[in-house]
Amino acid sequence: MIKNGFFFFVGLLVAFVIGWGGIALGSHKQLGALAPYFDDGEGSSFPTRPQGVAARGQLVYADLGCASCHTQQVRRPDFGSDKDRGWGERQSVARDYIHQGRPQLGSLRVGPDLTNLAGRKPSAPDAEDLLKLLYTGSALHPSYRFLFDDRKIVGQRSESALRLLGSLAPAPGHEVVPTERAQTLVAYLLSLNTSYEFPEARPVAPAVAAKEGAHK
Amino acid sequence: MSSPSNHDPRLDQAAASDESLLAAHEKVLGKQPDEKAKYKLLPLNLLFLFSGLIFFAGTYLNRYSGLFDSHVFNENALPTPAGAATAVKVDPLVLGKKQYEAICINCHQANGLGLAGTFPPLAGSEWVTGSEERLIRLVVYGMTGPVKVKGVEYSAAAMPTIGKVKDSAYNLSDEKVAAVLTYIRHEWGNAGAGISTEQVAAIRAKEGDRKPYVQDELLKLP
Amino acid sequence: MSSPSNNAEVTAVDTAGRWPLLLLLASGLSWLVISGVLALVASIQLHSPTFLTDCAWFTHGRVSAMAETSFVYGWAANAGLGLGLWILGRLGGSPLRALNWSVVGALFWNAGLTLGLIGIATGDATSFSLLQLPRYVQPLMVAAYAAIGVSGILAWNGRRTDGTHAAQWYAVAALFLFPWLLIAAQSMLLWSPVRGVLQAVTAGWYVQGVFTLWLAPLALAAAYYVVPKTTGRVYPSYEFAPLAFWTLIFVGAFTGGRHLIGGPVPAWIPTLANAACSLLLFHYLVVVLNLRSVFSAAGVAARFISVGLIAYFVSGSLDFITSFRGVALVTQFTYFAQAQQQLAVYGGISLLLFGAIYFAVPRLTGRAWASGAFVQGHMVLVLLGVALLVGSLGLAGWIQGHALNDAKVPFSAIAASTRPWLLAVTAAHGILLLANLLLLVNFARSVYSVCCSCSQAGELAFRQPSTMEAPTS
C-alpha cells in the first residue's frame with residue numbers, strides 16, 4: 001500500500017475522513033439540531049437567548065481569554081466537587097449552549113467555574129463586586145485597569161463610577177468609570193444562569209443502566 | 001557497530017548512506033514469510049498485544065458508550081426513554097406555590113385569608129382541608145352561586161375554571177392542579193393530605209366537560 | 001569556498017536546498033525564542049496574577065494564546081517542515097524541486113503568523129486552542145502552507161527508488177494531511193460555525209489532529225531518519241512500522257474527546273476517545289521498539305532523540321491513563337493536563353526535532369556547528385528545563401486536582417499550595433529560554449561562517465558513511 005503513491009494518498013485521505021466524519025460530523029448529526037426545552041412547570045423555554053448587551057459581553061470574555069483560567073462547564077454532582085462548591089445543582093448538558101455564539105467551555109480551573117455565576121445561592125455576586133474585582137484585582141485575580149477610565153469629574157459625578165476607598169481611591173476630583181467593554185462583560189457574567197432543569201441532566205437509575213448497557 | 005571514533009558535539013557523523021538505508025529497510029518489509037515456520041517471539045507477542053488492545057477498546061466502548069445516545073451524559077446511565085421528558089421530579093410544593101402565586105393569590109391573597117366579605121379564605125377552610133372529591137371538582141371546574149365558608153356566607157362565589165377542561169380560564173395541567181391543591185392543603189397551618197396527579201386526572205375523566213358547580217352539587221358528594 | 005562539499009555525505013540535495021531549508025530552520029528557532037519569552041510572561045502571571053495585566057496586550061489569556069501559537073505554528077511548524085522537506089529530498093535521491101515556492105511560502109507563513117500574533121494581542125483571537133490565529137490570516141496560512149509543502153510532495157512522487165522508508169511515510173502524511181485538517185477546522189469553527197458544544201468537540205478533534213496528524217509525524221519522520229543514520233543499523237521489528245504508522249493516522253484524531261470527560265457532551269465522545277487512546281498504545285510501543293537502538297548510540301542527535309523518544313512514549317501512556325474517568329477526575333482542568341501537553345510538544349516533538357536539527361544543519365551548511373560548548377550547553381539546559389517544567393507542572397496539577405475535588409479548600413489555599421511549583425515552572429521557562437538562545441546564537445554563527453566563508457580552526461571533516469547491511473535471516 002505504501003509503495004504505490006496513489007493508494008498511499010487515498011489511504012491517508014480515508015483515514016482523515018473517517019476521523020473527521022466519526023467525531024466532528026457524527027456529533028454534528030446528533031446534536032446539530034438540538035432545540036430548546038419547554039419546561040411545563042416554568043411555562044417557558046430554556047435556555048433563553050442572551051440579551052444584546054450580554055451577547056456582546058461574551059465577545060469581551062473571549063478576546064481577553066478569560067477561558068484560560070475559568071471553565072464554563074459543571075460536572076455532575078457525583079463527579080468532582082462542582083456541586084459542593086456551589087457552581088451548579090446539575091451537570092451542564094449540550095442543550096445549555098445552543099444559543100451561545102462561541103461557547104467558552106475552558107480547560108483549566110485556576111479560578112472558579114462561571115457557568116452559573118448569577119444563579120449561585122445564596123451569594124451571587126452583583127455588578128459592583130465584579131467591576132471592583134476587575135479594576136483592583138486581588139492576590140488571585142488579575143486587574144484589568146484598561147477596562148476603566150480614570151477621568152476628571154466634569155459637572156456631576158457619573159452614576160456608574162466605582163465607589164473606591166482608601167489607597168485605591170482615585171485622585172481628588174477624579175472618578176473611575178467602567179468603559180462600555182467592562183459594562184458588557186459584567187452584563188454577560190450576570191447573565192450566566194443555568195438554574196433551570198433539563199430531563200437529560202438528571203439521568204435515572206444509573207446502576208440498572210450499567211448492567212443493561214453491558215449486555216446490549 | 002561501526003561507531004564513529006570521535007564524538008565531537010559539533011558534528012554527528014553518519015554511519016550509513018541514504019541509498020543503503022533505504023535498500024536495507026525495504027528488504028525487511030519485502031521479506032517473504034518465514035517458510036520454515038520459525039516464528040520469532042516478538043512479532044507474535046506484538047500481534048497478541050494489538051489484538052488485546054482492540055479487544056479492550058471494543059469492550060470499553062460497549063460498556064461506557066451510553067448506547068451512543070445523544071442524551072446520555074453520564075456514561076453509567078440509560079438513555080432517557082422517548083416521551084419521558086418529565087423524568088425531572090419537581091417538588092409539588094414548589095410547583096404549587098408557583099401556580100398559587102401566578103393565579104390564586106389575586107383573590108385569596110398571599111396569607112390565604114382572602115378578603116372579608118368578597119373572597120373566602122383558604123387558611124383553615126373546611127373546603128380546602130376536607131373532602132378531596134369536592135375540592136378537586138371545585139378547582140378544576142370552578143363554582144358559581146352562594147357558598148358558606150367557615151360559617152360565613154359569601155353571596156356570589158365566582159371561582160373560575162382552572163383545570164384543563166372546556167371553557168377553562170387557565171387550562172392548568174392535572175399535575176399543576178394537584179400541585180397547587182397540595183400546596184394550599186399544606187400551607188397556613190392547613191394539614192390535609194397531598195393530592196396526586198392521578199386523582200385529578202381520574203375526576204376529570206369521570207366528569208368530562210361540564211359547567212361550573214354550585215354549592216349543593218358539591219355538598220352531595222362524599 | 002573552502003567547505004568540504006565534495007564529500008559524499010554532503011549531497012546535491014543539501015547544497016541545492018541549503019538556503020530555503022536554512023530559512024525554515026532559522027524562522028523556527030527564532031519563533032522558539034519568542035514563544036519562550038511569551039511563555040515566561042504567562043508563567044509568571046500564574047503565581048503573580050497582576051503582572052503586566054493592566055495592559056490589554058498582556059492579559060494572561062492573550063499571552064498564553066500567543067505563546068502556544070508561536071510555539072506550534074512558529075517553531076514546530078517551521079522546523080518540522082524544514083526537516084521534513086530535507087528528509088524527503090535526501091531519501092528521494094534528487095535535489096528538491098519547486099524550492100522557490102517553499103521560500104515564498106515560508107515568507108508568507110511567517111508574515112501571516114506575525115500578523116496573527118499582533119491580532120491575538122489586540123483581541124482578535126478566535127478563542128479555540130491551537131486555532132487562535134484571527135480569521136483574517138487563516139486563509140493565508142493555508143495557502144502559504146501549500147506553497148511550502150509542494151516541494152516535499154514532488155520529491156515523494158519523483159523519488160528515484162520504488163522502495164520507501166518509514167521517515168518518508170510520516171513526512172508525506174504530515175505534509176499532505178495538515179491542510180485538510182486546517183480547512184475542515186476553519187470551516188466548522190470559523191466560517192460556518194457549528195452550534196454550541198459541537199464547537200468544543202470539533203476544536204478537540206482539531207487539537208488532537210494537529211498533534212497526531214501533523215506534529216508527531218513530522219517529528220517521527222525526523223527521528224526515523226536520523227536514528228539509523230547515526231547507528232548504522234536496520235530497525236528491529238521494522239515489519240511492524242507500517243501498522244504503527246497507520247494506527248497513528250487512523251486512530252490518532254479519535255483521542256481528541258478525552259478532554260471533555262464529564263463535560264456537556266454525550267458520553268460516547270469521551271468514551272470513544274479513551275478506546276482510541278488504548279489502541280494508540282500500540283503505535284507508541286512499536287515506535288520505541290523500532291528506535292530503541294538509539295539508546296545505546298553516541299552523539300548529540302542520538303541523545304536528544306533518546307530522551308525525546310522516552311517523553312513521546314510516556315506522554316502516550318499518560319494520555320491513556322488520564323483518559324480513564326477516575327484519573328481524569330483529578331487531572332482534568334488542572335496544570336497536570338498542561339504538563340501532559342508540554343511533555344508531548346516539548347518533551348516529545350521538540351526534543352526529536354532538536355536531535356534532527358543537530359544532525360541536519362552541518363549537512364546543510366557543509367560544515368560543523370560553530371561551537372561545541374554551545375551545543376552541550378543547550379543540551380544540558382534543555383533537558384534540565386523540560387524535566388523541571390513537566391515535573392513541576394505535573395506536581396502542581398496533582399496537588400491542584402486533589403484540592404479542587406475537596407469543596408472545603410478555598411481557591412486561596414489552592415493558590416498557596418501550588419505556588420512553589422509554579423515558581424519552579426517559571427524557572428524552567430527561564431532555563432529553556434536561555435537554552436534556546438544558545439541554540440539560536442550557535443545556529444546563526446554556523447550559518448554566518450558559511451556566508452563569510454571564513455574557515456574555522458580545527459575544521460571537522462565529514463566521514464564517508466558506510467553501507468548499511470540488511471539483516472540476514
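**Notebook: looking through chains A, B and C**

I started with the sheet in chain B: three strands form an open sheet in the order 2-1-3, with mixed pairing. The edge strands are strand 2 and strand 3 (213-214) of chain B, and each of them pairs on one side only. For my own reference, two strands pair if DSSP finds at least two bridges between them. Helices (H or I, at least four residues) and strands (E, at least two) are DSSP runs, numbered from the N terminus.

Before going on, I noted that this is a predicted model, where local features need pLDDT of at least 70, side-chain atom pairs count only at pLDDT 80 or more, and totals for chains, interfaces and linings use all residues. Residues are numbered from 1 along each chain as its sequence is written, while chains are lettered from A and ligands numbered from 1 in the order in which they are written.

**Entry: the hairpin in chain B**

I looked at strand 1 and strand 2 of chain B next. They pair in the antiparallel sense over six bridges. One bridge I picked out joins B:Lys148 to B:Glu153, its partner in strand 2 of chain B. The hairpin has two residues between the strands.

Which residue takes a positive phi in this hairpin? I found B:Lys150, with a phi of about 50° although it is not a glycine. B:Lys150 sits in the loop between strand 1 (143-149) and strand 2 (152-159) of chain B. I wrote beside this that most residues other than glycine have a negative phi, and most peptide bonds are trans.

Is B:Lys150 buried or exposed? I put it down as exposed, because it has 11 C-beta neighbours inside 10 Å. The rule I used: a residue is buried if 20 or more other C-beta atoms lie within 10 Å of its own, exposed if 12 or fewer, and partly exposed in between, with C-beta atoms placed from the backbone.

**Entry: two more backbone oddities**

B:Trp188 also caught my eye, with a positive phi of about 55° although it is not a glycine. I located B:Trp188 in the loop between helix 6 (174-184) and helix 7 (197-207) of chain B. B:Trp188 counts as partly exposed because it has 16 C-beta neighbours inside 10 Å.

In chain A, I found that the peptide bond from A:Phe46 to A:Pro47 is cis, with omega near -5°. A:Pro47 is in the loop between strand 2 (44-46) and helix 2 (52-63) of chain A.

**Entry: a bent helix**

Where does helix 3 of chain B bend? I got a bend of about 50° at B:Ala102. That bend is the angle between axes fitted to the seven residues ending there and the seven starting there.

The end-to-end span is short too. Helix 3 (residues 92-108) of chain B has 17 residues, but its end C-alpha atoms are only 20 Å apart, against the 24 Å a straight helix would reach at 1.5 Å a residue. The expected span is 1.5 Å times one less than the number of residues.

I listed some buried residues of helix 3 of chain B, among them B:Leu95, B:Tyr100 and B:Cys104. What covers the buried residues of this helix includes helix 6 of chain B. Right after helix 3 of chain B comes B:Gln109, whose phi is positive, near 70°.

**Entry: chain B as a whole**

I counted up chain B: it has eight helices and three strands. From the N terminus, the elements run α-α-α-α-α-β-β-α-α-β-α. Buried residues make up 33% of its 222 residues.

The domain assignment gives chain B domain 1 (40-79) and domain 2 (92-220); such bounds come from an automatic or database assignment. The centres of these two domains of chain B, taken over C-alpha atoms, are 57 Å apart.

**Entry: chain C against chain A**

How many residues of chain C are in contact with chain A? I noted 63 residues of chain C in contact with 60 of chain A, where contact means that the C-beta atoms, placed from the backbone, lie within 7 Å. Helix 5 of chain C gives the most to this side of chain C, with seven residues. The residues on this side divide into 36 nonpolar, 22 polar and five charged. For these classes, Ala, Val, Leu, Ile, Met, Phe, Trp, Tyr, Cys and Pro count as nonpolar, Asp, Glu, Lys and Arg as charged, and the others, Gly among them, as polar.

Conventions
Two residues are in contact if their C-beta atoms, placed from the backbone, lie within 7 Å.
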